[in-house]
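Here's a walk through one model, taken a piece at a time. Keep the structure open beside you and follow along.

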Amino acid sequence: MKGFWPVFKKELYAMFMSPIFYAVAFFFLLLSGVFFYLILRQVIMFSYQVAQNPAIAGNVTMPELFMRSFLWNISVITLFVAPLLTMRLYAEERKSGTLELLYTYPVSDLATVAAKFSACMTTYTILIAATLPGVIMLISIADSSWKPILCGYAGLLLLGSAFISLGTFASTLTKNQIISAIITFGILLVLWFIGEAKEVVSPPAVASVFAYLSVSDHLKGLVKGLLDSRDIVFYLVFTAFFLFLTLRQMSSYRWRAMV
Amino acid sequence: MIEAEGLTKFYGPRRAIRNVSFQIEKGEVVGFLGPNGAGKSTTIRILTCYMPPSEGTATVEGMHILEDSLRIRQKIGYLPENVPLYNDLTVNRFLRFAAGAKGVEAKRMRSELGRVISSCGLEKVENRIIGHLSKGFRQRVGLAQALLNNPSVLILDEPTIGLDPTQIVEIRRIIEELREDRTILLSSHILPEVAQICKRVIIINKGEIVATDSPANLTSQLQKTSTILVELSGPSAEFAQAIENLDGIQKVTVENNGTSRFQIETAPSVDLRPEIAALAVQKGCGLLELRAVQLSLEDIFMQLVTEESTQEGAE
């Protein structure tokens, strides 16, 4: 992984110097704040009903109910955020020609891919972490368990890593950042809703494949605090697969002499 | 030291270079000449491990371009054509990144950055964003990143293209200073520049090497005639008649434009300047100028490139 740190630091610096990051961070935090307020309001209303009729809540506590909805909504925002964070990774380097510099520095292709992905993941983690103060405050007041929340946040990070790996790959396909973002968003939307198709697809084998490929289905358990190794493996394999494709694509550029 | 052996590169069905072979010794400064699209950048990109050749092989400092790619890249300082740079970084930040990527350790970082910044005259723009710099300064930043980690091989692709004359002189001065102990391959299509800096030139045309030698040797090889230029202020009819009778004269052309300018072509082995001078004085023609015309690198280049086309046409 020779040359990982310099590329990682450069990517992170470029990310924080970019106005896109601040625009994305602004809307991400605005929307997560709005969802926080609206969901909290709904949960409080619901808790009044539960106070009168405890049976309707089942085994779920109010903080848990809040966190499920809140984290689910954050995951939907991630669907929009990931393409915007990843779109410039390779597309910009190819457009400005700086890939030639990077390719002729003593940095391995693997280190470059890993550094770009990690810098994007760091940025995404910072955004996700920015939602924590409200959650910490709420959980402290409600005196609720931390474990399901940690599990939910781990789920968000796994989901983010899958989305970012796909975005990194899409960014190698074109010199145009907008097209790169559209490709990422399009594929993510298909993979988000593919689980719904299981209801209408006739051979059960195909339906189960569709259900397995659904990026949203694998998150449902994690945001509920259910740590299922199948979901974790799915996201990790998904991430590794697209990072591998990115690496192959970069090698292919060398061989095909595409600038 | 650089050694290229039978390099061929295809871009899809189009062949960019064919069977390119040459050798550059340690410490040599070699010019890589050719018209636009001749295959200079393709050859350079193969040598810098940016892309592999379709056929053939090359070694840099004794290391194979495919097997020791990372180690070669550590030894090479490369300035690509058009100087691609990260426009949103400051000069200092970019050089810090490049130094880190090239393996400069943290404890040497400050001194290494200081060295290249001062040798390329970047002190005043060190903290400015690259995207806001003039073309001349961008070129210097490109050169500075190539010099990081003191590479033993420098490959510069069109380092002075698009610069104004003052900037060209500046960049040339920097390159002159760098030549000690370094192997330098300088690609250009600006011939006087190469003639001034390089002891040896490699000329490439349509993807093939057409000549490799020092400008002086190329001149003597390609010079089929010697040309003597004579300018006279007085009547020259008698002089013209007299020189036609000299032994060894092949062709005489005269241009009358206030003064008479004679262009006299002779066999390359004879030097008729003393006889011509004596004749001019004897005939009282008012000798203003008499000199032997040397083939410039430009003439050699044009001759080689034209010869290639003619041969191709004949085939």
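## Two domains in chain B

The domain assignment splits chain B into domain 1, residues 2-220, and domain 2, residues 224-293. Keep in mind that this is a predicted model. Going by their C-alpha centres, domain 1 and domain 2 of chain B sit 45 Å apart.

## A buried strand

Let's start with strand E3 of chain B, residues 29-33. Here 5 of the 5 residues are buried, so the strand is largely enclosed by the rest of the structure. In a regular strand, side chains take turns pointing to the two faces of the sheet. Both faces of E3(B) are covered: Val29(B), Gly31(B) and Leu33(B) are buried on one side, and Val30(B) and Phe32(B) are buried on the other.

Which strands does E3(B) pair with? One is E8 of chain B (residues 183-188), which runs parallel to E3(B) and is joined to it by 5 bridges. Within that pairing, Gly31(B) has Leu186(B) as its bridge partner. Another is E9 of chain B (residues 200-205), also in the parallel sense, over 4 bridges. There, Val30(B) is matched with Arg200(B).

## The antiparallel sheet

Now for another sheet in chain B. It's an open one with 4 strands in the order E12-E13-E11-E14, and the pairing is antiparallel. Strands E12 (249-257) and E14 (287-293) of chain B are the edges, each pairing on one side only. From one strand to the next, the twist averages 15°.

Take E11 (residues 226-232) and E13 (residues 259-266) of chain B: they pair in the antiparallel sense over 7 bridges. If you want a spot to click on, try Val230(B), whose bridge partner in E13(B) is Phe262(B).

Two helices pack on this sheet. Helix H9 of chain B (residues 237-244) touches E11, E12 and E13 of chain B, and its direction makes about 165° with that of E12(B). Helix H10 of chain B (residues 273-282) touches E11, E13 and E14 of chain B, with about 165° between its direction and that of E14(B).

## Where the chains meet

How many residues does each chain bring to the contact? Chain A puts in 24 residues and chain B 25 residues. On the chain A side, helices H1 (4-17), H5 (98-104) and H12 (229-256) each supply at least two residues. H1(A) gives the most, with 7 residues.

As for chemistry, the side of chain A that touches chain B has 13 nonpolar, 7 polar and 4 charged residues.

Note on methods: Residues numbered from 1 in each chain as written. Chains lettered and ligands numbered in written order. Predicted model: local features only at pLDDT ≥ 70, side-chain atom pairs only at ≥ 80, totals over all residues. Pairing = 2+ DSSP bridges. Axes fitted to C-alpha atoms, helices over the stretch in contact; angles between N-to-C directions. Contact = placed C-beta atoms within 7 Å. Buried ≥ 20, exposed ≤ 12 C-beta atoms within 10 Å, placed from the backbone. Domains from an automatic or database assignment. Nonpolar A, V, L, I, M, F, W, Y, C, P; charged D, E, K, R; others polar.
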